[in-house]
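User: I would like to learn how to read the packing of helices and strands in a structure. Could you take me through an example?

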Amino acid sequence: MPSLSVLGITKQSHRRLTPFSFPSRDFNTYFYTQKLDHFNYRAESQATFQQKYVINSKFWGGANSSAPIFVYLGANAPLDDQIRRIGFMTDNAPQFNALLVYIEHRFYGQSTPFGSSEEAYQNDRTLDYLNLSQTLEDYAEVILDIKKNLSANNSTPVIVIGGSYGGVLATLFRLRYPYIALGALASSAPILYLDGLKPQLQDGYFSIVSKDFREASESCYNTIQQSWSEIDKIASQEDGLSVLSRRFNTCTPLENSSWLKDALKLVYAAAAQYDAPQINQAVNLICTAIDRATNGTDVLDKVIAAMFAFFSKYPGPHEYCDEMHQWAWNWQICTEILIPTGISGTDTMFQAEPFNLTSYKETCKGLYDLRLMPEPFWITSQFGGQDVKLVLGRFGSNIIFSNGLRDPFSAGGVLESLSDSLVALPTAKGSHCLDIYAALPNDPDWLIVQRRSELKIISQWIAQYHMDRAANISYI
């Protein structure tokens with residue numbers, strides 16, 4: 001599955017663009033003694049682990065000022081990498097006199113139970129504690145403990161913020177704990193994938209990838225479209241896989257053509273997903289390399305030139321996903337967070353490859369040696385039934401859904417407001433989580449407007465919260 005992460009496609013770019021260096025004296029790291037299992041009374045469930053969180057109090061007005069707490073809900077990566085990337089909070093904390101809190105997700109980074117990643121990831125009995133309900137309760141426990149320690153009582157509203165999978169977490173946290181979080185900013189959160197196997201959702205991701213490339217260059221789109229059959233043609237020949245391995249300079253010899261095609265697909269997906277106009281323009285980078293290839297160059301040589309250009313600038317689209325953390329994330333998408341990304345339509349630059357749930361489950365069962373067949377729709381019954389929009393409209397409030405329509409995951413995003421307080425803020429040219437990255441001098445006007453709209457809505461939530469408290473209105 002394509003990466004569902006707030007992190008971009010290269011460490012180098014986000015370090016250059018980050019307006020502060022981390023760690024710094026403004027960011028202080030703490031560890032909370034967290035329960036391994038919040039929902040059982042068995043002896044083994046009483047174990048604990050150390051959960052990392054980071055606080056920046058530089059701009060905070062203090063507990064007596066009624067200034068808010070902005071809480072970033074860490075997702076499927078080490079927390080420090082995410083803090084470097086998420087500049088929205090530090091950029092806007094002075095305006096609100098806000099306390100900034102960042103909480104690491106269990107089983108990632110330094111917040112690993114059982115003493116080590118090797119122990120935590122060893123089998124399904126240990127990984128069973130890596131699930132959404134436990135994670136959301138972790139966040140609730142840490143937030144309440146911080147408020148208690150700082151004497152920040154009910155006069156201090158909390159806004160939770162998350163991007164990508166973290167945006168899904170922010171949405172679900174607001175739904176499950178409305179008495180803790182006044183509101184949520186969910187950036188690039190494909191929450192509608194919780195609706196299940198709807199055809200438009202299955203095909204949506206790679207349709208948008210194709211659209212992004214076609215808008216960049218029709219000839220580039222056609223070249224990529226033609227390359228798949230050329231790969232299959234060479235692979236079918238004697239010693240064809242060896243030829244492809246040499247031409248593409250693969251790290252290990254190819255055992256089948258699917259390995260190569262899947263790798264190329266993920267590069268194109270990453271380029272489209274994180275195609276920030278003021279940062280990388282990865283789609284244009286690939287298409288420029290393809291279109292500038294010398295006359296007489298065959299289709300695969302053009303693709304190879306594009307890969308050379310891409311990897312020369314970006315060392316690798318998944319360099320954050322080390323083997324252990326990828327193992328944890330694969331567990332999550334096998335057992336709870338199913339995001340079906342197939343290709344069944346003809347209007348794409350990819351070969352048809354419809355999503356197959358049976359095959360998906362069998363792969364997951366074999367990967368983790370599961371005793372039972374995984375049930376990836378458990379999250380659907382927990383939080384959304386079969387109509388997430390209906391559930392949000394009936395029970396939700398104070399959530400901002402921001403999306404960029406060039407982001408392939410926007411296929412599963414909320415793109416139209418569901419009520420006055422469930423507000424969609426889509427941008428036609430935006431990419432994955434772009435709005436919660438640090439502001440840059442060359443940000444386009446539409447991005448500036450999107451961020452200003454988010455800040456205005458959050459300000460209104462906080463103002464209404466204090467008005468209700470002054471009028472002794474119970475607030476949930």
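Analyst: This is a predicted model, and a helix that lies on the sheet makes a good starting point. Helix H7 (residues 165–176) lies across E3, strand E5 (158–163), strand E6 (183–187) and strand E7 (399–404), and runs at about 150° to E5. Helix H18 (residues 445–470) also packs on the sheet, where it touches E3, E5, E6, E7 and E8, and its direction makes about 175° with that of E7.

User: In what order do the strands of the sheet lie?

Analyst: Strands of a sheet pair through backbone hydrogen bonds, either parallel or antiparallel. Here 8 strands form an open sheet with mixed pairing, in the order E1-E2-E4-E3-E5-E6-E7-E8. Strand E1 (28–35) and strand E8 (422–427) are the edge strands, each pairing on one side only, and the twist from one strand to the next averages 20°. Within this sheet, strand E3 (residues 69–73) and strand E4 (residues 99–103) run parallel and are joined by 5 bridges; Val71 has Val101 in E4 as its bridge partner.

User: How should I read the crossing of H3 and H18?

Analyst: Two packed helices are described by the angle between their axes and the distance between the axes. The axes of helix H3 (residues 88–96) and H18 come within 12 Å and cross at roughly 45°, so H3 and H18 are oblique to each other. Their crossing is right-handed. On the H3 side the contact is made by Phe88, Asn92, Gln95 and Phe96, and on the H18 side by Glu454, Leu455, Ile458, Ser459 and Ile462; by class, the contact has 5 nonpolar, 3 polar and 1 charged residues.

Conventions: Residues are numbered from 1 along each chain as its sequence is written. This is a predicted model: local features need pLDDT of at least 70, side-chain atom pairs count only at pLDDT 80 or more; totals for chains, interfaces and linings use all residues. Side-chain values use heavy atoms; hydrogens and water are left out. Two strands pair if DSSP finds at least two bridges between them. Helices (H or I, at least four residues) and strands (E, at least two) are DSSP runs, numbered from the N terminus. Axes are lines fitted to C-alpha atoms, for helices over the stretch in contact, and angles run from 0 to 180 degrees between N-to-C directions. Contact means heavy atoms within 4.5 Å. Angles under 35 degrees count as roughly parallel, over 145 as roughly antiparallel, 65 to 115 as roughly perpendicular and the rest as oblique. A crossing is left-handed if the near helix is turned anticlockwise from the far one by less than a right angle, and right-handed if clockwise. Ala, Val, Leu, Ile, Met, Phe, Trp, Tyr, Cys and Pro count as nonpolar, Asp, Glu, Lys and Arg as charged, and the others, Gly among them, as polar.
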